[in-house]
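Student: Please take a close look at one part of this model, a loop residue and the helix before it, and then place that part in its wider setting. I would like the reasoning spelled out with the numbers attached.

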Amino acid sequence: MNEDTISIIFSCSNSYIPYLSVAIQSISNTANPSLHYNIYIMHNDSFDLRRAERIQTTLAANLKIYYTNVTKWTTGFPLPLTARTHVTEESYYKLLIPRLFPHLKKVIYLDVDVVVLKDLSALYQIDLDDNLIGGVPEYLPGRFATYVQNTLGIDRYEYINAGVVLMDTERLNPSEFEINCRTLLSNNPPYYMLNQDILNIVCYHHIKYLDSRWNLGWNTRVPILYELKAPFILHYTTKSKPWNTTNRLVSDYFWETSHTCAFEDELRTIEATHWSGL
């Protein structure tokens, strides 16, 4: 792998293709023109590849998208979905990254519901200091903090959000990592955050904690933090998204980016419909 190539991975369903377009467009809008960005999309058999290929049409020439069908790899892989209704099958695909992309030394995994506001090469070049992954500690309300400490056995301040993860795929032994994930999922304990809990348990004590601006989450603290420091990546966590909420403080960045992406017309219709009644 060339040192001037940044590897980025998403997982996506059909319904999120337009929002994936916004996330990737934001990467393009902030990219260093002297570097190359390879973007890999993990998907299943039902994914509309022809529709998704539109995303490439509005990107800078130094961004290339590649699609990876992971269906055969998820067969027999336990994917419990009952604990959180907005957690999808696709969110588990990140656990397959070491097996599917062993040729990549390091990757950035991103959830689809993000807007990138700073060139990702700065994130990619962070030294993980022999850790397996890097991430930003999750904001934990009281009851959830108790769950993380008592049920998962993880210090509440060392539990990361799995929507933005820097991975050292060379150090993440594919077989060992996958076996550990499968074992935890098969035991089927009451994991509240499912794949995020699994990633934290498997990598605990081998996580580098990153500047919170690399994953500023959409929740009750955002209006305060946003005024104090501009995010590098804005992450629309929880069920509330720019396309279904009236919070314009940070959703403006999503809509502004959507006006330059391949699904501009479709998203403009959603935007107009949503805001017409306000």
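Tutor: Helices in this description are DSSP runs of H or I with at least four residues, and strands are DSSP runs of E with at least two, both numbered from the N terminus. In those terms, His 205 lies in the loop between α8 and β8, and I will start from this residue, keeping in mind that the model is a predicted one. Most residues other than glycine have a negative phi. His 205, although it is not a glycine, has a positive phi of about 75 degrees. Its relative accessible area is 61%, and since the cut-off for exposed is over 50%, His 205 counts as exposed.

The helix that His 205 follows gives another picture. Helix α8 covers residues 195-203, and 8 of its 9 residues are buried, so α8 is largely enclosed by the rest of the structure. The buried residues are Asn 195, Gln 196, Asp 197, Ile 198, Leu 199, Asn 200, Val 202 and Cys 203. As for what encloses them, the buried residues of α8 pack against helices α6 (142-150) and α7 (174-187) and against strands β6 (133-135), β7 (164-168) and β8 (207-209). Strand β8 therefore appears twice in this account, as a packing partner of the buried residues of α8 and as the element on the other side of the loop that holds His 205; the buried helix is thus followed by an exposed residue, on the strength of the accessibilities already given.

A second positive phi can be set beside this one. Asp 130 has a phi near 70 degrees, a positive value in a residue other than glycine, and Asp 130 is found in the loop between α5 (121-124) and β6. With a relative accessible area of 57%, Asp 130 is exposed. Strand β6, which borders that loop, is one of the elements against which the buried residues of α8 pack.

The nonpolar cores give the wider setting. In soluble globular proteins, nonpolar side chains tend to be buried together. The largest nonpolar core in this model has 51 residues, and those with the most contacts inside it are Ile 8, Phe 10, Ile 27, Leu 110 and Leu 120. Helix α1 gives the most to this core, with 7 residues. Ile 27, leaving aside its neighbours within four places in sequence, is in contact with Ile 8, Phe 10, Tyr 37, Ile 39, Leu 63, Leu 110, Val 116 and Leu 120. Apart from this core lies another, of 43 residues, and among them are Ile 97, Leu 184, Leu 194 and Val 202; Val 202 is also listed among the buried residues of α8, which ties the helix we began with to this second core.

Phe 77 offers another view of the surroundings of α7. Its place is in the loop between α3 (71-74) and α4 (97-100), and with a relative accessible area of 6% Phe 77 is buried. Leaving aside neighbours within four places in sequence, the contacts of Phe 77 are Leu 96, Glu 178, Cys 181, Arg 182 and Leu 185. The C-alpha atoms of Phe 77 and Tyr 92, 15 residues apart along the chain, are separated by 9.6 Å.

For contrast, consider the aromatic rings elsewhere in the model. A pair of aromatic rings is described by the distance of the centres and the angle of the planes. The count comes to 15 aromatic pairs. In one of them, the ring centres of Tyr 16 and Tyr 19 are 5.3 Å apart and the planes stand at 85 degrees, so the pair is edge-to-face. Tyr 19 also forms a tilted pair with Phe 254, at 6.3 Å centre to centre and 50 degrees between the planes. This second pair links distant parts of the chain, with Tyr 19 in helix α1 (residues 17-30) and Phe 254 in helix α10 (residues 248-258), 235 residues apart. Tyr 19 and Phe 254 are both buried, whereas Tyr 16, at 26% relative accessibility, counts as partly exposed. Ring pairs join Tyr 16, Tyr 19, Tyr 236, Trp 243, Phe 254 and Trp 255 into a cluster.

Notes. Residues numbered from 1 in each chain as written. Predicted model: local features only at pLDDT ≥ 70, side-chain atom pairs only at ≥ 80, totals over all residues. Heavy atoms only, no water. Buried < 20%, exposed > 50% of the residue type's maximum accessible area, 1.4 Å probe, protein only. Contact = heavy atoms within 4.5 Å. Phe/Tyr/Trp six-rings, centres within 6.5 Å; stacked < 30°, edge-to-face > 60°. Core = buried A, V, L, I, M, F, W, Y, C linked by side-chain atoms within 4.5 Å.
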